[in-house]
Amino acid sequence: MPASGPASSEAIDVVIVGAGFSGLYMLHKLRGLGFSAKVFEAGSGVGGTWFWNRYPGARVDVESQEYSFSFSEDLENEWKWSERYAPQAELLKYLNHVADRFDLRRDIQLETRVTEAVFDEEQKRWLVATDKGDRIAARFCVMATGMLSVAKDPDIPGAGSFRGKTYWTSRWPHEGVDFTGQRVGIIGTGSSAIQSIPVVAEQAEHLYVFQRTPNFSVPAHNGPIDPGIVNDWKANRAKYRQMARESGFGILRVDQSEQSALEATPAERTQAYDIRWARGGFALTGAYADIIVNRQANDTAVEFVADKIRSIVKNPEVAEKLIPKTYPIATKRLCVDTGYYATFNRDNVTLVDIAASPIEAITPDGLRTSEADYKFDSLIFAIGFDAMTGALGKIDIRGRKGVALKDKWSEGPKTYLGLMVSGFPNMFIVTGPGSPSVLSNMVVSIEQHVDWISDCITYVSHRQVDAIEATPDAESAWVVHVNEVAAMTLFPQANSWYMGANVPGKPRLFMPYIGGVGVYRQKCDEVAARGYEGFELSTPAAGR
Ligand code: FAD
Ligand code: N01
């Protein structure tokens, strides 16, 4: 049913699309401020990422206590994490608990996909339509649709022809999968694959890993959560939360050093990296200040990790294949694993280098590369996402004069602060392109955006303002700034999904903002304090 059709069946203040971390907190926050809001969620449950990605080994790579909401002291006091890096099932339980605890479910409509969102310039309302025939008019529309919520299409010939079972890491069956006695093929070696491979390898009769580009991975050293960390967190929580909000990546465990890698001697560097490798997780990249801005400094971390891979993987040829050689470390999302490299010492695991011998086609029995045929019973696609813009691209979003967001973004996403888009008044994006988003502990960034959006909606609603919109100038200046900051780093040197490089035909530009979570928050706060500088606020009389 077109959203632009006759009068709407329901009218509310805010429509929210998506019920992951972002949508849940957005609903809670708006309700508390007295606004009426409704959430539409395509899935049959809440939780977003943690509802969909149920593949074996799925877990968070930011420590559990840091990757959690900070908006409610009671919630923080009552929830206990069991592992250093919470597994998917526990994160899903947590988000369901949040939905129940704050009585959110009565305003969440599940199994409902938003298909259209059209801005009615006369009424200054977003007219939203769903695949279930709902039509709703709302003053504001919040896209909490996720940056990694749309799986990439398999750009491989014959993808539909495989006769065995096919699985996607990003829509894993709820009942789980038992690969015992099976030959399994997995395509991809990103974070999802790197978490799955060691677990699948333990079950499968044989696992073929099809690797196009190797990834850097550091050990998680996961285990039961350390009671010392729990107690320290409890005692210093407010301080730690604030430190995370003011930090570069929103992750305290990065423990960012200010020293240059090039000022240290080789022995000092090895020692510093060793300490951080032993600590686990993202700590490694915090060892020196210039790892992501200076290629020479970066190379020192690359060499360290390469030596680690050589020391773990017994077959030197396999080890060399696993060492990334075409991009600097941390310019693609660093993976955090449990036993990934050691898995290649197993007799039942074969690494197939599809950069050297590309996949020609998926076949009814398996897969054919330029060098050999591989036969297996099950095939796992771990090929990633149409990141950052994918979910918004699936909705027909139309702003002023019927302009489609897809068209406006045909050369890449343009936003002001990653929050709003010029020509699309009263529409907000949570952790949108142009904000720190996927380069950060996303819960920190989600809370910041939800708080900012709520303040903005409150500000507008308390004045004679019926629409707020980013000005084209502010948006252009922000896009330039985002690119300038990215260009000061090594990030653009990698063919990453941050650059849109993983999806054929997608415009190439660095989408998130790398200026740092703390710096970015300050900029957003300053904009608000100056009466929403860079935004145009229109009054009913003035129109536009
Ligand atoms: P999501 O959780 O993606 O939720 C968006 C929801 O919107 C989805 O449920 C989707 O179904 C729904 N939706 C989308 N379009 C529509 C539509 N048109 N109509 C209705 N509903 C719609 N981040 C970290 O900081 N640390 C981590 O360790 C980490 N691990 C991750 C592991 C995996 C496997 C993945 C895929 C991502 C990970 N992330 C991590 C990023 C993660 O996406 C965020 O941390 C966070 O969960 C995002 O929450 P969200 O609510 O913004 O989006
Ligand atoms: O996806 P990816 P992901 N033929 O895009 C390969 C978050 N996350 O789902 O690099 C053959 O990283 C592709 O190869 P290449 C995290 O932010 C976090 O693993 O394009 N191969 C690559 O190896 C992460 O970054 C966790 O050459 C093809 C892989 O598939 C993001 O989600 C866990 C191919 C895709 O890797 C995405 O991770 C999981 C083709 N046609 C996810 N197309 C945590 O640890 C793609 N590939 C918390």
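This is a dialogue on reading a few features of a predicted model of one protein chain.

User: Where should I begin, and how many helices and strands does the protein chain have?

Analyst: Begin with the secondary structure, which in this predicted model comes to 15 helices and 20 strands. Then take the overall dimensions. The radius of gyration is 24 Å, close to the 24 Å that the globule rule gives for 544 residues, so the chain is as compact as a globular protein of that length. Along its principal axes, the C-alpha trace spans about 75 × 55 × 45 Å.

User: What share of the residues is buried?

Analyst: Burial is judged from relative accessible area, with buried meaning under 20%. In this chain, buried residues make up 59% of the 544. The exposed surface of the protein chain is about 21,900 Å², and carbon and sulfur atoms supply 49% of that area.

User: How do I read the contacts along the sequence, and what percentage join residues at least 24 apart?

Analyst: Take the contacts between residues at least 6 apart in sequence, and ask how far apart the partners are; here 73% join residues at least 24 apart. Cysteine 141 gives a single case of distant positions brought together: aspartate 13 is 128 residues away along the chain, and the two C-alpha atoms are separated by 8.6 Å.

User: How many positive and negative side chains are there?

Analyst: The protein chain has 57 positive and 66 negative side chains. The centres of the two sets lie 2 Å apart.

User: How many disulfides does the model have?

Analyst: A disulfide is a covalent bond between the sulfur atoms of two cysteines. By the distance rule, the count here is zero. A pair must have its sulfur atoms within 2.5 Å to qualify. For cysteine 141, the closest cysteine sulfur is in cysteine 456, 14 Å away, which is too far for a bond.

User: Where does cysteine 141 lie, and is it buried or exposed?

Analyst: Cysteine 141 is part of strand β6, residues 135–143. With a relative accessible area of 0%, cysteine 141 is buried. Leaving out residues up to four places away in sequence, cysteine 141 touches Val15, Trp126, Asn426, Met427 and Phe428. Another cysteine, cysteine 335, also counts as buried, at 1% relative accessibility.

User: Turning to the backbone, which value of phi does aspartate 255 have?

Analyst: The thing to look for is a positive phi in a residue other than glycine; aspartate 255 has one, near 50°. Aspartate 255 sits in the loop between α6 (227–246) and α7 (266–279). Its relative accessible area is 37%, so aspartate 255 is partly exposed. Beyond its neighbours within four places in sequence, aspartate 255 is in contact with Arg276, Arg279 and Gly286. Valine 352 is 97 residues from aspartate 255 along the chain, and their C-alpha atoms are separated by 36 Å.

User: What is phi for lysine 401, and where does that residue lie?

Analyst: Lysine 401 has a positive phi near 55°, and is likewise a residue other than glycine. Its place is the loop between β17 (396–398) and α12 (405–408). At 73% relative accessibility, lysine 401 counts as exposed, whereas aspartate 255 is partly exposed.

Definitions and conventions. Residues are numbered from 1 along each chain as its sequence is written. Chains are lettered from A and ligands numbered from 1 in the order in which they are written. This is a predicted model: local features need pLDDT of at least 70, side-chain atom pairs count only at pLDDT 80 or more; totals for chains, interfaces and linings use all residues. Side-chain values use heavy atoms; hydrogens and water are left out. Helices (H or I, at least four residues) and strands (E, at least two) are DSSP runs, numbered from the N terminus. The radius of gyration is taken over C-alpha atoms; the globule rule is 2.2 Å times the number of residues to the power 0.38. Buried means under 20% relative accessible area, exposed over 50%, partly exposed in between (1.4 Å probe, protein chains only). Contact means heavy atoms within 4.5 Å. Accessible areas come from the Shrake-Rupley method with a 1.4 Å probe; for residues, only the protein chains shown count as cover. Lys and Arg count as positive and Asp and Glu as negative; His and the chain ends are not counted. The place of a charge is taken as NZ of Lys, CZ of Arg, CG of Asp or CD of Glu.
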